[in-house]
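Grab a viewer and work through a few short exercises. Try each one yourself before you read its solution.

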Amino acid sequence: MVYLWIDANVILRFITGDPPEMAAKTLKLMARAEKGDIGLRVSSLVLAETVWVLSSFYKYPKKEIAENLISFICADGIYPENQALLIQALKDMADKNVDFADAYLAALAGNQEEAVCSFDVDFQKLGVKWITPPGYI
């Protein structure tokens, strides 16, 4: 099978349908992936960019972003890196009203049973060990 790493603009066209000409091409690509002709890979960084554009430019609420992107990364023919961590981060982003990057970092650290070092108090909401710099435990 041929695998393609997709950019945020492909995911955005699929979710928003904007602009219609690009969205139509993306639907054809997705149909090929769903049939198993190709596999579409999604990096964590691209998903973070997608979240940012949906929230900042399109003004989607976090809950809607999470629902759309979880459905997307769980679709046939889509192969995200760290799928379980992405799903957890998207859920935490929406449920705990935190930034996606913070939710993903917390999911990564928690998965490794390690701490996050940050000044951001939002990590208290995320159920991960959190310390502030200088980072002594």
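What follows is a set of exercises with worked solutions on this predicted model.

**Exercise 1. Find the residues at the centre of contacts in the largest nonpolar core, and the elements that feed this core.**

Step 1: The core has 41 residues, and the members touching the most other members are Ile-11, Leu-47, Leu-69, Phe-72, Leu-90, Met-93 and Phe-100.
Step 2: Now for the elements. Two or more residues each come from α1 (8-16), α2 (20-35), β2 (38-42), α3 (44-56), α4 (62-73), α5 (83-96) and α6 (100-111).
Step 3: Zoom in on Leu-90. Leaving aside residues up to four places away in sequence, Leu-90 touches Leu-47, Val-51, Ala-66, Leu-69, Ile-70, Ile-73 and Phe-100.

**Exercise 2. Classify the ring pair Tyr-3 and Tyr-79 as stacked, tilted or edge-to-face.**

Step 1: Two numbers do the job, since a pair of aromatic rings is described by the distance of the centres and the angle of the planes.
Step 2: The ring centres of Tyr-3 and Tyr-79 are 5.4 Å apart, and pairing needs them within 6.5 Å.
Step 3: Their planes meet at 80 degrees, and over 60 counts as edge-to-face, so that is the class of this pair.
Step 4: Check where the partners sit: Tyr-3 belongs to strand β1 (residues 2-5) and Tyr-79 to strand β3, 76 residues apart, so the pair links distant parts of the chain.
Step 5: Tyr-3 is partly exposed at 36% relative accessibility, and so is Tyr-79 at 32%.
Step 6: Look at the face of Tyr-3 too: Arg-41 lies over it, 3.9 Å from the ring centre.

**Exercise 3. Do the same for Phe-57 and Tyr-58, then look for a cluster.**

Step 1: With 4.9 Å centre to centre and 85 degrees between the planes, Phe-57 and Tyr-58 are edge-to-face.
Step 2: Ring pairs join Phe-57, Tyr-58 and Tyr-60 into a cluster.
Step 3: Phe-57 has a relative accessible area of 60%, which means it is exposed, the cut-off being over 50%.

**Exercise 4. Hunt down the backbone oddities: cis peptide bonds and positive phi in residues other than glycine.**

Step 1: Asp-18 and Pro-19 are joined by a cis bond with omega about -10 degrees; Pro-19 is in the loop between α1 and α2.
Step 2: Pro-133 to Pro-134 is also cis, omega near 20 degrees, with Pro-134 in the segment after β5 (130-131).
Step 3: Asn-82, in the loop between β3 (78-80) and α5, has phi near 55 degrees.
Step 4: Asn-97 has a positive phi of about 55 degrees and lies in the loop between α5 and α6.

How values were computed:
Residues numbered from 1 in each chain as written. Predicted model: local features only at pLDDT ≥ 70, side-chain atom pairs only at ≥ 80, totals over all residues. Heavy atoms only, no water. Core = buried A, V, L, I, M, F, W, Y, C linked by side-chain atoms within 4.5 Å. Buried < 20%, exposed > 50% of the residue type's maximum accessible area, 1.4 Å probe, protein only. Helix = DSSP H or I, 4+ residues; strand = E, 2+ residues; numbered from the N terminus. Contact = heavy atoms within 4.5 Å. Phe/Tyr/Trp six-rings, centres within 6.5 Å; stacked < 30°, edge-to-face > 60°. Lys NZ or Arg CZ within 6 Å of the ring centre and 35° of its normal.
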